[in-house]
Amino acid sequence: MKPFTLMVLVVFGLVAAAVAARLLGLAMRTRKAPEFLLGLSMLLPLVGYSIQVASAVTRGGAPAPLAVEIGGLVVDIGFLTVAGFVWLVFRREETWAQVFAFLLVAFGLAMPVVNHVIPWSNGLPSALWPRAVLRTLCYGWAAVEALRYAAFMRKRVRFGLAEPLVADRFGLWGFGYLCAALMLDGLTAGGALHVLQSRFADVFLVGGAAFGVPAMLAFGFSFFPPVAYVRYVERRLGAEGAS
């Protein structure tokens, strides 16, 4: 793996762990489901991917099938908690969203069955691409809803009905999920090509990791914004409200 890709993944993991710790700590104080779901959505993928990476390192190559199964299920649950958060916060009363969330959960629970029923090909899990689709749908839905609500909140800021930093946070989360989905797809393709010993593997791995840079900045700035950034947001959105 290229040093750039490895560095991005390590830093992204640290940022995600810090955000997860903050959200889960907040959930312990508030006893609210949204904070808990969002915290789990950041923590569980780290745990699942760590299981797979640890297995790959100890084996000197591809992870063991059992590690793929266990780690993949933990990652899937993490992504499904994103869908749960989106449904609970943005679309709780809408029937189509309830159906969509249910289908995502059913799809996710079917992934281990797919890996057992359908034989693996060339060392690649049979559920590799279905899982990539599932995870992209979860993050894509989160991105759409967060960006849509960010636009709504910006309008409220203009009338003094919302805080600029809160409105900006929704935009950061939407952008972060969009970049994270692209990072996931690039790394999945790169990992598959690496197993197949393709010379294009590093192109996808580096390209996917490149999307991780803006993703981790967006997630990090959401909960750990530098003072200079806070002032910038307040000036920018405040100027929009004044105009």
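**Helix packing, cores and loops in a predicted model**

In H3, the residues Glu69, Leu73, Asp76, Leu80, Ala83 and Trp87 meet a set of partners in H4, namely Ala97, Gln98, Ala101, Leu104, Val105, Gly108, Met111, Pro112, Asn115 and His116. The structure described here is a predicted model. Packing of this kind has a simple vocabulary: two packed helices are described by the angle between their axes and the distance between the axes. For H3 and H4, the axes come within 10 Å and cross at roughly 180 degrees. Angles over 145 degrees count as roughly antiparallel, and H3 and H4 are therefore roughly antiparallel to each other.

A second pair of helices makes a helpful contrast to look at on the screen. The axes of H2 and H6 come within 15 Å, and their crossing angle is roughly 20 degrees. Because angles under 35 degrees count as roughly parallel, H2 is roughly parallel to H6. The crossing of H2 and H6 is left-handed. On the H2 side the contact is made by Leu38, Ser41, Met42 and Tyr49, and on the H6 side by Trp173, Tyr177 and Leu184.

Some of these names return in the interior of the model. The largest nonpolar core has 40 residues, and Met42, Trp173 and Tyr177 are those with the most contacts inside it. Seven helices each supply at least two residues of this core: H1 (3-30), H2 (33-59), H3 (65-90), H4 (95-117), H5 (128-158), H6 (164-195) and H7 (201-223). The most comes from H3, which gives 9 residues to this core. Met42 is a good residue to follow through the structure. Once its neighbours within four places in sequence are left aside, Met42 is in contact with Ala16, Val19, Ala20, Leu23, Trp173 and Phe219. Apart from the largest core lies another core, of 9 residues, with Val157, Ala167, Leu172 and Ala218 among them.

Single residues add detail to this picture, beginning with a glycine. Gly174 has its place in helix H6. With a relative accessible area of 0%, Gly174 is buried, because buried means under 20%. Not counting residues up to four places away in sequence, Gly174 touches Ala143, Ala146 and Leu147. Gly174 and Phe223 are 49 residues apart along the chain, and their C-alpha atoms are separated by 14 Å.

The loops are worth a visit too. Ser126 sits in the loop between H4 and H5, and with a relative accessible area of 18% this serine is buried. The side chain of Ser126 reaches the backbone oxygen of Ile118 at 3.0 Å. Leaving out residues up to four places away in sequence, Ser126 touches Val114, Asn115, Ile118, Pro119 and Trp120.

Two further loop residues can be read side by side. Arg31 is found in the loop between H1 and H2, while Gln197 lies in the loop between H6 and H7. The phi angle of Arg31 is near 60 degrees, a positive value in a residue other than glycine. Gln197 also has a positive phi, of about 60 degrees, although it is not a glycine. Exposed means over 50% relative accessible area, so Arg31, at 72% relative accessibility, counts as exposed. Gln197 counts as exposed as well, at 74% relative accessibility.

Key. Residues numbered from 1 in each chain as written. Predicted model: local features only at pLDDT ≥ 70, side-chain atom pairs only at ≥ 80, totals over all residues. Heavy atoms only, no water. Core = buried A, V, L, I, M, F, W, Y, C linked by side-chain atoms within 4.5 Å. Buried < 20%, exposed > 50% of the residue type's maximum accessible area, 1.4 Å probe, protein only. Helix = DSSP H or I, 4+ residues; strand = E, 2+ residues; numbered from the N terminus. Contact = heavy atoms within 4.5 Å. Polar contact = N/O pair within 3.5 Å; in protein donor to acceptor, adjacent residues only side chain to side chain. Axes fitted to C-alpha atoms, helices over the stretch in contact; angles between N-to-C directions. Parallel < 35°, antiparallel > 145°, perpendicular 65-115°, else oblique. Left-handed = near helix turned anticlockwise from the far one by under 90°.
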